[in-house]
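Here is a short tour to read with the structure open beside you. It goes topic by topic, so feel free to turn the view as you go.

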Amino acid sequence: MPSSQSERRLLWGGAFAVHLPSNCIDASELRQVPDNQEVYLHPRHDQSVMLELLEPLAGSDSVESAAREFFTDLADANGGSASSRIVECRLLSNEAWPLRQFAYLIGEQLVAKYNESARNLVQMHILLHRLAEHSCDLAVTLNHPISVCSESSSSSLLDPESAWQPDELISRIVESLELLDPTIFNA
């Protein structure tokens, strides 16, 4: 995703900033989004990026274990995903932020949308960053369908040529994510 195809987005009223694809749609313009989330949708492909501010997961002493637990929680929230597996989980760091590390998890879930019976195989790219000084975890989830059932409502929302490339998007987020106003954690 070349920089000409991304733009800086302010999140949570300007408390954070990140570069996201310029063609993404702010989901809050279409539906209610919880205050702790920012959700962006691909206009022609059934992809989404969700950023969430969360309380640190209890019992997760490392950022990698927190990412694994977050993935498991997503599977449960997705109606007990028919199948889920973690493909990879590792640490990423940003050279500009030597003390900041992200857990990067790639997982797959077989899920249905809107309580449909048709199930789709979705690859989930999860970044999890622990903001220990603020008692907060920042989770970023890119939902990337890799196999869609023809009976699914998602089957009409697939334009592989225009799809965001997960590795490029994740790199862009790691490189550009900024905390601009730490008073967001004082609320």
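Phe 16 and Phe 185 are both buried, and they make a good place to begin. Please keep in mind that this is a predicted model. From these two rings we move to the sheet around Phe 16, then to the charged pairs, and last to a strand and a helix elsewhere in the chain.

**Aromatic rings**

- The structure contains two aromatic pairs. In one of them, the ring centres of Trp 12 and Phe 16 are 5.5 Å apart and the planes meet at 75 degrees, so this pair is edge-to-face.
- Phe 16 also pairs with Phe 185, again edge-to-face, with 6.2 Å from centre to centre and 90 degrees between the planes. This pair joins distant parts of the chain, since Phe 16 sits in strand E2 (residues 16–21) and Phe 185 in the segment after strand E10 (178–179), 169 residues apart.
- Together, the ring pairs make a cluster of Trp 12, Phe 16 and Phe 185.
- How accessible is Trp 12? Its relative accessible area is 12%, and because buried means under 20%, Trp 12 counts as buried. Phe 16 is buried too, at 0% relative accessibility.

**The three-stranded sheet**

- An open sheet is built from three strands in the order E1-E2-E10, with antiparallel pairing. Strand E1 (6–11) and E10 are the edge strands, each with a single partner strand, so each has one side without a neighbour in the sheet.
- E2 and E10 are joined in the antiparallel sense by two bridges. Phe 16, the residue from the ring cluster, stands opposite Leu 179 in E10.
- Helix H2 (residues 166–176) lies across E1, E2 and E10 and runs at about 155 degrees to E2.

**Salt bridges**

- Side chains of opposite charge can pair when their charged atoms come close. The structure has five salt bridges, and the ones below are among them.
- Glu 178 and Arg 8 form a salt bridge, with their closest N and O atoms 3.2 Å apart. Glu 178 belongs to strand E10 and Arg 8 to strand E1, so the pair ties together parts 170 residues apart in sequence.
- Both partners are partly exposed: Glu 178 has a relative accessible area of 31%, and Arg 8 has one of 42%.
- Glu 7 pairs with Arg 9, the closest N and O atoms lying 3.3 Å apart. Here Glu 7 is partly exposed at 34% relative accessible area, whereas Arg 9 is buried at 14%.
- Asp 137 and Arg 130 meet in a salt bridge at 2.8 Å, N to O. Asp 137 is buried, with 1% relative accessibility.

**Strand E5 and its partners**

- Why is strand E5 (residues 48–54) described as largely enclosed by the rest of the structure? Seven of its seven residues are buried, so the description follows.
- In a regular strand the side chains alternate between the two faces of the sheet. In E5 both faces are covered, with Ser 48, Met 50, Glu 52 and Leu 54 buried on one side and Val 49, Leu 51 and Leu 53 buried on the other.
- Strand E4 (residues 37–41) pairs with E5 in the antiparallel sense over five bridges, and the two form a hairpin with six residues between them.
- E5 also pairs with strand E9 (residues 136–147), in the antiparallel sense over seven bridges.
- Val 49 has a partner in each neighbour: Tyr 40 stands opposite Val 49, and Leu 142 is its bridge partner in E9.

**Helix H1**

- Helix H1 (residues 63–77) has 15 residues and spans 21 Å from first C-alpha to last, close to the expected 21 Å.
- Its buried residues are Val 63, Ala 66, Ala 67, Phe 70, Phe 71, Leu 74 and Ala 75.

Technical notes
Residues are numbered from 1 along each chain as its sequence is written. This is a predicted model: local features need pLDDT of at least 70, side-chain atom pairs count only at pLDDT 80 or more; totals for chains, interfaces and linings use all residues. Side-chain values use heavy atoms; hydrogens and water are left out. Buried means under 20% relative accessible area, exposed over 50%, partly exposed in between (1.4 Å probe, protein chains only). Helices (H or I, at least four residues) and strands (E, at least two) are DSSP runs, numbered from the N terminus. Two strands pair if DSSP finds at least two bridges between them. The expected span of a helix is 1.5 Å times one less than its number of residues. Rings of Phe, Tyr and Trp (its six-membered ring) pair if their centres lie within 6.5 Å; planes under 30 degrees apart count as stacked, over 60 as edge-to-face and the rest as tilted. Contact means heavy atoms within 4.5 Å. Axes are lines fitted to C-alpha atoms, for helices over the stretch in contact, and angles run from 0 to 180 degrees between N-to-C directions. A salt bridge is a side-chain nitrogen of Lys or Arg within 4 Å of a carboxyl oxygen of Asp or Glu.
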